Amino acid sequence: IVYITMVAVGRSGKVYEYLLLIKDVTQLRGLEEMKYQFVSNVSHELKTPLTSIQGFVETLQAGAIENKEVAYRFLNIIDIETKRLYRLIQDILLLSEIENMDKQEYGDVKVASVIENCMSLLQEQADKKSVKIVFNEEQSLVIKNMSEDHLTQMMMNLLGNAVRYTDNGAIIITTQENSKQQIITIRDSGIGIPEESIPHIFERFYRVDKGRSRQSGGTGLGLSIVKHIAKLYEIKIEVSSELGEGTCFRLILNKENE
Ligand code: ADP
């Protein structure tokens, strides 16, 4: 806010004093615009699976149900789309919860057990795509004052992406520690991210390849969730990627911030 005081003197010699307040609403407008954009994106994202479900249900009702093979295929699509809707709603709720959250007091988290848990949850999906996940524990990390659920969420999203965007390759997770920092690295040998897209990947619903993300069950919110959890714990995220070679995400925790 800018304050300007003006003094005017009338003909009669009377002194008038004015106070002018100038408020810069650019940032406020920007925020409103962002919220509006988010609501409009959410509506669109929810409508896509719903329209598909509705279409297949109607086709079944119109007679397709008589053909067992077709009916089975359509029900399978309805099942996939319903699960997508569920994941989307879960991610939207999680994102809004994390965004409005203040840091609380937590206990210590053993990083290795979180990583091993995520690896076993993603193993089946990785096997299907011939992707090998390797955990290279150079130093065993214990993060102080962090929610285990939050670290799990971050790792599930990053590892999930690594599996999603890799075929016939490998994912290597490394944990390291020095006197100043704790570092978790997730490196994959997948499709990579074009250089110009890297600044945008943490934006809500931004996808390099919409088709691939959707087809493999992505919600477009995974990295936004990672970014917000990282902010809560002052974790720095570094991304490097080479198209066709793979992608590397590094989570860096400064020890003095613990
Ligand atoms: P999504 O659900 O689409 O994966 P995210 O927010 O998790 O959404 O990621 C945003 C986009 O960033 C993805 O759609 C994808 O294009 C790109 N991306 C994220 N992680 C990787 C990765 N490991 N390899 C290649 N591309 C990635």
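Reader: Which residues have the most contacts inside the largest nonpolar core?
Author: This is a predicted model, in which local features need pLDDT of at least 70 and side-chain atom pairs count only at pLDDT 80 or more, while totals for chains, interfaces and linings use all residues. Residues are numbered from 1 along each chain as its sequence is written, and side-chain values rest on heavy atoms, without hydrogens or water. A nonpolar core joins buried Ala, Val, Leu, Ile, Met, Phe, Trp, Tyr and Cys residues through side-chain atoms within 4.5 Å, where buried is under 20% relative accessible area, exposed is over 50% and partly exposed lies in between (1.4 Å probe, protein chains only). The largest such core has 51 residues, and those with the most contacts inside it are Met 155, Ile 173 and Ile 184.

Reader: Which helix gives the most to this core?
Author: Helices are DSSP runs of H or I with at least four residues, strands are runs of E with at least two, and both are numbered from the N terminus. With eight residues, the element that gives the most is helix α3 (residues 111-128).

Reader: Which residues does the second, separate core include?
Author: Within the largest core, Ile 173 is one of the residues with the most contacts; leaving aside neighbours within four places in sequence, Ile 173 is in contact (heavy atoms within 4.5 Å) with residues including Ile 115, Met 119, Phe 135, Met 155 and Ile 184. The second core, separate from the largest one, has seven residues, among them Ile 53, Leu 60, Ala 64 and Phe 74.

Reader: Which side chain is joined to that of His 150 by a polar contact?
Author: His 150 lies in helix α4 (residues 148-164) and counts as buried because its relative accessibility is 7%. Beyond its neighbours within four places in sequence, its contacts include Ile 98, Met 101, Tyr 106 and Leu 232. A polar contact is a pair of N or O atoms within 3.5 Å; within protein, one must be able to donate a hydrogen and the other to accept it, and residues adjacent in sequence count only if both atoms are side-chain atoms. Such a contact, of 2.8 Å, joins the side chain of His 150 to that of Tyr 233.

Reader: How much of the area that the ligand exposes when taken alone does the protein bury?
Author: The ligand is surrounded by 19 residues (a heavy atom within 4 Å), of which Asn 161, Tyr 165, Asp 188, Ser 213 and Gly 220 come nearest. Oxygen atoms of the ligand lie 2.8 Å from a polar side-chain atom of Tyr 165, 2.5 Å from an N or O atom in the side chain of Ser 213 and 2.9 Å from a polar backbone atom of Leu 223. Taken alone the ligand exposes 530 Å² (Shrake-Rupley method, 1.4 Å probe; for residues, only the protein chains shown count as cover), and the share buried by the protein is 98%.

Reader: Which element gives the most to the shell around the ligand?
Author: Two elements give two or more residues to this shell, namely α4 and α6 (222-232). With three residues, the one that gives the most is α4.

Reader: Why is α6 largely enclosed, and which elements do its buried residues pack against?
Author: Nine of the eleven residues of α6 are buried, so the helix is largely enclosed by the rest of the structure; among them are Gly 222, Leu 223, His 228 and Leu 232. Just after α6, Glu 234 takes a positive phi of about 50°. The buried residues of α6 pack against α2 (68-99), α4, β8 (235-242) and β9 (246-254).
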